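Work through the exercises below with the sequence and model open. Try each task before reading its solution.

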Amino acid sequence: MTGKNRGSLCMEQLSFCLLLSICCGWWYQPASSAKPKGPGHPHMNSIRLDGDITLGGLFPVHGRGSEGKACGELKKEKGIHRLEAMLFALDRINNDPDLLPNITLGARILDTCSRDTHALEQSLTFVQALIEKDSTEVRCINGGPPIITKPERVVGVIGASGSSVSIMVANILRLFKIPQISYASTAPDLSDNSRYDFFSRVVPSDTYQAQAMVDIVKAFKWNYVSTLASEGSYGESGVEAFIQKSREDGSMCVAQSVKIPREPKAGENVLMAAKRANQTGHFIWMGSDSWGSKIAPVRDLEEVAEGSVTILPKRASVRGFDRYFSSRTLDNNRRNIWFAEFWEDNFHCKLSRHALKKGSTIKKCTNRERIGQDSAYEQEGKVQFVIDAVYAMGHALHNMHKNLCPGKVGLCPKMDPVDGVELLKYIRSVNFSGIAGTPVTFNENGDAPGRYDIYQYQIKNATPEYKVIGHWADHLNLKMERLHWPGGGNQVPTSICSQPCKPGERKKLVKGIPCCWHCERCDGYQYQYDEFHCKVCRFNERPNENHTGCIPIPIVKLEWSSPWAVVPVFIAIVGIIATLFVVVTFVRYNDTPIVKASGRELSYVLLTGIFLCYATTFLMIAGPDMGTCSLRRVFLGLGMSISYAALLTKTNRIYRIFEQGKKSVSAPRFISPASQLVITFSLISLQLVGVCIWFIVDPSHSIIDYEDQRTTDPRFARGVLKCDISDLSLICLLGYSMLLMVTCTVYAIKTRGVPETFNEAKPIGFTMYTTCIVWLAFIPIFFGTSQSAEKMYIQTTTLTISVSLSASVSLGMLYMPKVYIILFHPEQNVPKRKRSLKAVVTAATMSNKFTQKGGFRPNGEAKSELCENLETQALATKQTYVSYSNHAI
């Protein structure tokens, strides 16, 4: 059973598990019924009514016996009411001139004592006439043949009540081809036409009832219930049908299935057990048609049963039967051999004085008692179906008579005896309006259509009652506003194993219990694919807020307004302005000694590279597209290649001049301005060739990188719009420039011993040292942030600032002092006297050797003379001392 607010499904035969205490005792047949008057007479504990055609009847007049006894106490409603309903139906048919005219229906009615084995024994009475008896060896005393009374032939049987009894009897009757129509057996097993081919019923199969109950449970949104069944075919097969239907539906589970004894001990039933366990209001019960709308199961247990939902085949009270039964007395109902016992039980009296004990409060029956006046009376629920079953047999015989005996009065030879196989065909084809106005039909398995009324046991104003809350016929029609639950609430109690999962959570089922689960959050980049599965969103998507679907990941790029872009752009703008200022100054003072001494050609090349380094910042921040990405490939490494190629050419020339001067007075090769430009552009061309090859192998394009900012929390995930330049490609792109920078640094180190008054080796050396420091700081910052969520911003800013700083170092150390002299100290911007190459080199060598400093020469006399002589070397190559124009190294 489930806990409070967990619905429990009661599919047991409540006539056994929910009735009040039953005192077991042998059934009592009063002496006054031994010799009844009228057309019937007692016969072996049975009722026998004479007629042209005899129908059998099986009713649970008594309950199951105990302590070895076959029968127990009398069942007033299920036994006597139903038995009298058959007698009532027979009277109506026999008095109906339009139904079986001139043919009287008789009966042989037996008591099953609610026990299948006893019913099997009793039902042998129905087949006695069909068993051939061998009388050849039987002789009378006088030697004559014996006279054997042949029992009446039963052509059809009405009953039985319990499904287990009907199953047992059906196995016998089918052997002798005797049709059987039940008025109360609803077990699904009886629908098997291959095993119970002569069985039919006017009540629907529990298969319909099970479906109706499943629909009710679904309507209440219960998905976790327990079942309770009495032992036997009715309870067990009913629960089995319910479980099967619930599995087919897939929306509910059975927590546990409990079986209880078919006949509980006195004072024991389920509701009483719940009350003793102080579980009143703890369970919500749902009862099958055996509970229905009966008062007996809930008497003195109203609070325990409050809110119970029960189901009952759609029926109506037969008023004609009420009048008939209320008029029955001991005098006019002697054909019912058990009526005297009913009379004593119903009116709590005794018919015989000898049965009265001294001091007993039980009175003697006066025969003036009246049913419904001196005792409570409520028509038993299956009375309508008993009458319909008898009428179904009557209509089948009527149709059979019309076809086999047309125009003949009474039975004809073709119906004497009645063929059971033919009769079965007519039974299955009947279609008439029953005693309550509902149609009576059978399907191919002999089942009646499913039509149910749904009740709820409610207590309002301290008055308990069964209230109709809906009906079922192929589909459920439930009036929810009529529901009233314990405590006076209208809210349907819950009966679930697990709470529904929230959006974005999947169900992880408990093994073997599909209605119990644990809810697991679809975390990370997963979304709820269906009720039981999570799936990862596509690479360019992320889950929405509640993880029920995927949405596109927002695309970001470095915006001009971002702080990460403002600083590099500011530095680049200042640098470009400064570079242009230097260029303009150099152009304006192009012929002055300072400009000439700085090496005009390489200076302009170097300033171009510095300008491109600053301009690269704008390409790196601009929105990536094919054009921007192509320009990035070209100019990111080109500016630095131009700068370092020019500086490398300068340092190399200085190194070669002083090394050559140590050996001879002849000038080194390829030191003219034209040669220097060729060398510089040759070095630059290698960078351009590498870029061209890259374009051919992998054309430039922009990409959206969804891994760059794929954070643990998908809410912060972003797709980065960038160029297709990976970290490896960037290393290769800048690698050549780094190589030039390192080589230039090596030459700067080698020429560090040359006095600063003789050349630019010292400023170039400081420039390269500072540049190396900048790029050594760049490498850990750039590659150390590769896993950062701000990778794009940090790396772009770091790269652009590093490039700008490299350009600024070159610009500041190499050109700003010259611009300062040109603009603010023009008196120092004058030519000096010329000396020979040998003198210049010797002076530089001696100065280096003795580490003495030259006198103050604002313009660097030795440096200027050396450059002047080198510039004009090509014009006087045959002279030992050559004069050069004033040109810097």
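**Exercise 1. Find how far helix 20 reaches from its first C-alpha to its last, and set that beside the expected span.**

Step 1. Helix 20 covers residues 791–814, which is 24 residues. Helices here are DSSP runs of H or I with at least four residues, strands are runs of E with at least two, and both are numbered from the N terminus.
Step 2. The expected span is 1.5 Å times one less than the number of residues. For helix 20 that gives 34 Å.
Step 3. The helix reaches 34 Å from end to end, close to expectation.
Step 4. Now check its cover: 19 of the 24 residues of helix 20 are buried. Buried means under 20% relative accessible area, exposed means over 50%, and partly exposed lies in between (1.4 Å probe, protein chains only).

Two notes on the source. This is a predicted model, numbered from 1 along each chain as its sequence is written, in which local features need pLDDT of at least 70, side-chain atom pairs count only at pLDDT 80 or more, and totals for chains, interfaces and linings use all residues. Side-chain values use heavy atoms, with hydrogens and water left out.

**Exercise 2. Locate the nonpolar surface patch that includes Phe581, and name the helix with the largest share.**

Step 1. The members are Phe581, Tyr820, Leu823 and Phe824. Patch residues have over 30% relative accessible area and no salt bridge; like charges are joined within 9 Å, and nonpolar side chains (Val, Leu, Ile, Met, Phe, Trp, Tyr) within 5 Å.
Step 2. Together they offer about 420 Å² of accessible area, by the Shrake-Rupley method with a 1.4 Å probe, where only the protein chains shown count as cover for residues.
Step 3. Helix 21 (residues 816–824) gives the largest share, three residues.
Step 4. Leu823 sits in helix 21. Its relative accessible area is 32%, so Leu823 is partly exposed.

**Exercise 3. Give the handedness of three disulfides: Cys349 with Cys365, Cys497 with Cys516, and Cys537 with Cys550.**

Step 1. The whole structure holds nine disulfides, each a pair of cysteine sulfur atoms within 2.5 Å.
Step 2. Take Cys349 and Cys365, with sulfur atoms 1.8 Å apart. The S-S torsion is about 95 degrees, so this disulfide is right-handed. Cys349 is in strand 15 and Cys365 is in the loop between strand 16 and helix 11, 16 residues apart. Both Cys349 and Cys365 are buried.
Step 3. Cys497 and Cys516 are joined at 1.8 Å, S to S. Their torsion is 115 degrees, again right-handed. Cys497 lies in the loop between strand 21 and strand 22, and Cys516 in strand 23, so the link ties together parts 19 residues apart in sequence. Cys497 is partly exposed at 25%, whereas Cys516 is buried at 5%.
Step 4. Cys537 and Cys550 have sulfur atoms 1.9 Å apart. A torsion of about -85 degrees makes this disulfide left-handed. Cys537 is buried at 6%, while Cys550 is partly exposed at 25%.

**Exercise 4. Which residues does Ile555 contact, leaving aside its neighbours within four places in sequence?**

Step 1. Place Ile555 in strand 28 (residues 555–556).
Step 2. Its contacts are Ile704, Tyr706, Gly719 and Leu721, where contact means heavy atoms within 4.5 Å.
Step 3. Ile555 is partly exposed, at 41%.

**Exercise 5. Which parts of the chain do the salt bridges of Asp447 with Arg201 and Asp453 with Lys314 tie together?**

Step 1. A search finds 21 salt bridges. Each has a side-chain nitrogen of Lys or Arg within 4 Å of a carboxyl oxygen of Asp or Glu.
Step 2. Asp447 meets Arg201 at 2.8 Å, N to O. Asp447 is in the loop between strand 18 and strand 19, and Arg201 is in strand 10, so the bridge ties parts 246 residues apart in sequence. Asp447 is buried at 5%, and Arg201 is buried at 0%.
Step 3. Asp453 pairs with Lys314, the closest N and O atoms being 3.0 Å apart. Asp453 is in strand 19 and Lys314 in the loop between strand 14 and helix 9, so parts 139 residues apart in sequence are tied together. Asp453 is buried at 9%, but Lys314 is partly exposed at 36%.
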